[in-house]
Amino acid sequence: MFIINNLTVKYNKKVVLNDLSLKLDLFSISGIIGYNGAGKTTLLNAIYGLIEVPRSCFILNNKRLERSDIAYLEASNFFYSNITGRDYLKLFHRKNRSFNIELWSSIFNLPLDKFIETYSTGMKKKLALLGILSMDKQIIILDEPFNGLDIESVMALQIICKKLIEQKKTIIITSHIIESLTTICDSISVLKDGVIESTIAPAEFNMLTENITGEMNVKYSMLIDEAMR
Amino acid sequence: MLSIIELKFRRFYRDLINSPIEYSIVGILIMSGLAFVYNQFDKYPNTYIISGIIIYIIYMIHSQRRDIAFCRLMMKSPQKLFIAEYMLICLPFIIFSLIFNKYQILLIYSISPIVIAFIPRFSPSIFLQRHIYLFGVKSPELVSFLRKYYWLILLLSIVSVTLCFIRVISIFILLSIVIIMSYSYTEYEPLNIILLEEVNSNRFINNKINEGFLLFVKLGLPTLILYPIFNRDTWYLVLIAPIVAYISIVMLVGAKYMSYKPNNRATSSSVILGFGLMGTIIPIFLPITIVLALLYNSSAKENLKKYLHVYNK
């Protein structure tokens, strides 16, 4: 079990995560959804240690979670200029020789010998993802991994996630697109106002989608009608 | 074109107003520099050396421009804007040339901005990949640096070797490579890449310094070997290059990692760092470089402990 205990994150005086607690099953895919500014990325940054919070908040199998247990795909990815995709993956390859660069890059059709600055947004995302996968860590955190990916790559990523679970990995994933999560997640937690409002099992995913769609319709229909008048 | 130049002047004016202390220092330095140039302008060969340095600086500005795409979008031939800007930089020197009747120098200052404005941006080639790995470079920032400045570094190395028979000059040219190297230390890598090393903060910083220093030694090896052969009376001066380069690299690596935050651009004060970098080629500034190297190095190790605490046990 991966447990987050009483996590509070403040930016200046603004409380972003308020005494948040969450229990996630190991060897499963746990989704986290929430509106913009709900604190999804802050939560992931805190787990990874990019934000200074007591590490005792994070317990993995009764031990403190260490950063070395985690591979984290950030929402925005940085690459040095004048570096090829192969150069980038070679960095990771030094630590994990068993990772087959050619085979993995062929899954995503990446032109490894071209400079990364010539890649499209989706290609950069896929390259960063391959770097993360090659790290072979126990916990894999994916922040908005579907952003910029084409349909083919979305499906490939979903299959990869399922295969990773078979290899005893634990995946925490966020997305703005509910459908991309409902097809692969074993549970989805709804983050609202800095706390986990609810955690939902697959049987209730349809209801979750309907609730969110209904809520959005009520909230925006009238406003949009008025704006378009 | 005039509206873009006006926009740039407005931006410069706003910067000037918003940080009066730093820019006052820079202003005083520019005025002192111009006074120094005026003082040296009538002396041979100083006037030629100064014009060479100024043209080189203008070329560096041109090769590092980030607004080329914007300028192309706004105007049909952005070269006109570049020429106008470079001419403005040259203006004081053009005036000095007229005052001292140095018409050859006047010609250099008048033609160079036009030539530089038309120099196409060097786009790094994949073909250079193999050559770069000959240097044994593994750090992505150094691979990126070598790809970007390969030809410039090659040119500097060749000039440095060919001028070995003249005292000191080749050492200064060699040290100017360190200034170009500072480009490598302006971007922060993702934390994943830092964690890949699986070493504590001390070792991480030391590895970065050593790799940068080794690259400098490899690039300057021919000069470091040939200089003492041609200058037997002042052979010991060749030791200055690696020592000063090492201090500068310690400062640059320290400046990068003292304020490291994943996925951002380096935020250490560029003005102070600029003074430190000047110490690489202008001896009077070297004490600043040494002090900054010491301060930045310890701050960098302390800052990285936050991220590498797993390996700091």
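Let's start at Arg64(A), which counts as partly exposed with a relative accessibility of 42%. Keep in mind that everything here comes from a predicted model.

**A strand at the edge**

Arg64(A) reaches out to Glu66(A) in a salt bridge, and the closest N and O atoms of the two are 3.8 Å apart. Its partner sits in other surroundings: Glu66(A) counts as buried, at 14% relative accessibility.

Arg64(A) also has a place in a sheet. It lies in strand 5 of chain A, opposite Ile59(A). Strand 5 pairs with strand 4 (residues 58-60) of chain A in the antiparallel sense, over two bridges. Zoom out a little and you find an open sheet of four strands in chain A, in the order 2-1-4-5, with antiparallel pairing. Which strands stand at the edges? They are strand 2 (14-24) and strand 5 (63-64); each has a single partner strand, so one side of each is left without a neighbour in the sheet.

**Two residues in strand 1**

Now slide over to strand 1 of chain A, which covers residues 2-11 and is home to Leu7(A). Is Leu7(A) buried or exposed? It is buried, because its relative accessible area is 0%, and the cut-off for buried is under 20%. Look at what surrounds it: setting aside neighbours within four places in sequence, Leu7(A) is in contact with Leu17(A), Asn18(A), Asp19(A), Leu20(A), Leu43(A), Ala46(A), Val53(A), Cys57(A) and Phe58(A). You can also try a distance in your viewer: the C-alpha atoms of Leu7(A) and Arg55(A) are separated by 9.7 Å, with the two residues 48 residues apart along the chain.

Asn6(A) is in strand 1 of chain A too. This residue counts as partly exposed, at 45% relative accessibility. Its backbone is worth a look, since phi of Asn6(A) is near 45 degrees, a positive value in a residue other than glycine. Why bother pointing that out? Most residues other than glycine have a negative phi.

Glu144(A) is another case: its phi is positive, about 50 degrees, although it is not a glycine. You'll find Glu144(A) in the loop between strand 7 (139-143) and helix 5 (151-166) of chain A. At 5% relative accessibility, Glu144(A) counts as buried.

**Salt bridges here and there**

How many salt bridges does the structure hold over all chains? The count is eleven. Here are some of them, with the N to O distance for each pair:

| Salt bridge | Closest N to O distance |
|---|---|
| Arg64(A) and Glu66(A) | 3.8 Å |
| Lys126(A) and Asp150(A) | 3.9 Å |
| Glu189(B) and Lys208(B) | 3.9 Å |
| Arg147(B) and Asp87(A) | 2.9 Å |

Take the pair Lys126(A) and Asp150(A), joined by a salt bridge. This pair links distant parts of the chain, 24 residues apart: Lys126(A) is in helix 4 (residues 121-134) of chain A, while Asp150(A) is in the loop between strand 7 and helix 5. Lys126(A) is buried, with a relative accessible area of 7%, whereas Asp150(A) is partly exposed, at 38%.

In chain B, Glu189(B) and Lys208(B) form a salt bridge as well. They too link distant parts of their chain, 19 residues apart, with Glu189(B) in the loop between helix 9 (169-181) and helix 10 and Lys208(B) in helix 11 (residues 201-230). Glu189(B) counts as buried at 1% relative accessibility, and Lys208(B) is buried with a relative accessible area of 11%. There's a bit more to this spot: salt bridges that share partners join Glu141(B), Glu189(B), Lys208(B) and Lys256(B) into one network.

**Where the chains meet**

Finally, the interface. Here 34 residues of chain B are in contact with 27 residues of chain A. The area buried between the two chains is about 2,800 Å², and carbon and sulfur atoms give 55% of it.

One salt bridge is found across this interface. Its partners are Arg147(B) and Asp87(A), whose side chains meet at 2.9 Å, N to O. There are also nine residue pairs in polar contact across the interface, with both residues at pLDDT 80 or more.

On the chain B side, helix 7 (129-134), helix 8 (140-162) and helix 10 (191-196) each supply at least two residues that touch chain A. Helix 8 of chain B gives the most to that side, with six residues. Sorted by class, the side of chain B that touches chain A has 17 nonpolar, six polar and eleven charged residues.

Conventions:
Residues numbered from 1 in each chain as written. Chains lettered and ligands numbered in written order. Predicted model: local features only at pLDDT ≥ 70, side-chain atom pairs only at ≥ 80, totals over all residues. Heavy atoms only, no water. Buried < 20%, exposed > 50% of the residue type's maximum accessible area, 1.4 Å probe, protein only. Contact = heavy atoms within 4.5 Å. Buried area = accessible area lost by both parts, 1.4 Å probe. Salt bridge = Lys/Arg side-chain N within 4 Å of Asp/Glu carboxyl O. Polar contact = N/O pair within 3.5 Å; in protein donor to acceptor, adjacent residues only side chain to side chain. Nonpolar A, V, L, I, M, F, W, Y, C, P; charged D, E, K, R; others polar. Pairing = 2+ DSSP bridges.
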